[in-house]
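User: I would like to go through this model by question and answer, with the reasoning kept short.

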Amino acid sequence: MPHSPINKFRVALPWLIAWGIIYAIIIFAGIFAQESFFLGAVKVASIFLCFVYATVYFPRDRLLILALFLTCLADLFLAFNNTSIPGLIIFVLAQLVHLVRFDWARYSEAIILFSAAAIIMITLALIFRFAEPIYVVCSFYAVTLTLNLIASLRWRNDDPKNLHAKLAFYGFALFASCDICTGISFLSKIYLLPAHLYTPANFFVWFFYYPAQILISNSAKCATIEPKEGKR
């Protein structure tokens, strides 16, 4: 029985071990070597692993795969500089892809209008500097994250027995926790909050972020548990 609980556990076990080891490295290095290149490289590799996982186990959910690919690109910048404008812009795109896969049928026109507004406002901010680009980008990012949190909650409530829907909601809830820490880190960096909050906030960013990405990588709308070669 290829889809029995025991077989599913056997399939998932190597990934759970790999995720656990990587998370332990992120936590340990985040305490003792937060600014190291090694930690940045591990962070990028950890998100790439989530992308590979989704590609292998959920090949039909192309939007999930695209969102995780964009996340990998964003983290190439953000793992080493969490205020990188290119990284943040790519992250907005990743969030928009998630929003499309969650709520396209219900809110397609609103998503198109919002995306157009984001592109125009961010482009104008970068060219004319009518406002600090980072604030403009982060504003749109905050809106997309909030919408994804609401959309994943709606999916979970509409289909309460669907494990993937639950993982989507919990993933975006952790994502929101991560971004609260990111906001604290940034505000402490520019001294709007006490400077001593910067280091612990940076630590807790990935404390929440990596589990969030693991959960989101399991939130396929077109879910199959077996890898491609295991299908019949």
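**Buried charges and the helical core**

Analyst: To start with one residue of this predicted model: aspartate 61 has a relative accessible area of 4%, so it counts as buried.

User: Which residue forms a salt bridge with aspartate 61?

Analyst: Aspartate 61 lies in the loop between helix 2 and helix 3, and its partner is in helix 4, so the pair ties together parts that are 40 residues apart in sequence. The closest N and O atoms are 3.6 Å apart, which falls within the 4 Å cut-off for a salt bridge. The partner is arginine 101.

User: Is arginine 101 buried or exposed?

Analyst: Buried means under 20% relative accessible area. Arginine 101 has a value of 7%, so it is buried.

User: How many salt bridges does the model have by this rule?

Analyst: One joins aspartate 61 and arginine 101. Another is formed by the side chains of aspartate 103 and arginine 154, at 2.6 Å from N to O. Aspartate 103 lies in helix 4 and arginine 154 in helix 5, so this pair ties together parts that are 51 residues apart in sequence. The count comes to two.

User: Which residue of the pair aspartate 103 and arginine 154 is partly exposed?

Analyst: Aspartate 103 has a relative accessible area of 8%, so it is buried. The value of 21% belongs to the partly exposed residue, arginine 154.

User: Which helix gives the most to the largest nonpolar core?

Analyst: This core has 58 residues, and those with the most contacts inside it include Trp19, Leu64, Phe91 and Trp206. Helices 1 to 7 each supply at least two of its residues. With 14 residues, the top contributor is helix 4.

User: Which residues of helix 4 or elsewhere is leucine 64 in contact with, leaving aside its neighbours within four places in sequence?

Analyst: Leucine 64 is among the core residues with the most contacts inside the core. Its contacts beyond those neighbours are Ala54, Phe58, His98, Arg101, Ile216, Ser217, Ser219 and Ala220.

User: What is the radius of gyration of the protein?

Analyst: The protein has seven helices and zero strands. The globule rule gives 17 Å for 232 residues, and the model's value is close to that, so the protein is as compact as a globular protein of that length. The radius of gyration is 18 Å.

User: What share of the 232 residues do buried residues make up?

Analyst: A residue is counted here if its relative accessible area is under 20%. Buried residues make up 45%.

Definitions and conventions: Residues are numbered from 1 along each chain as its sequence is written. This is a predicted model: local features need pLDDT of at least 70, side-chain atom pairs count only at pLDDT 80 or more; totals for chains, interfaces and linings use all residues. Side-chain values use heavy atoms; hydrogens and water are left out. A nonpolar core is a set of buried Ala, Val, Leu, Ile, Met, Phe, Trp, Tyr and Cys residues joined through side-chain atoms within 4.5 Å. Buried means under 20% relative accessible area, exposed over 50%, partly exposed in between (1.4 Å probe, protein chains only). Helices (H or I, at least four residues) and strands (E, at least two) are DSSP runs, numbered from the N terminus. Contact means heavy atoms within 4.5 Å. The radius of gyration is taken over C-alpha atoms; the globule rule is 2.2 Å times the number of residues to the power 0.38.
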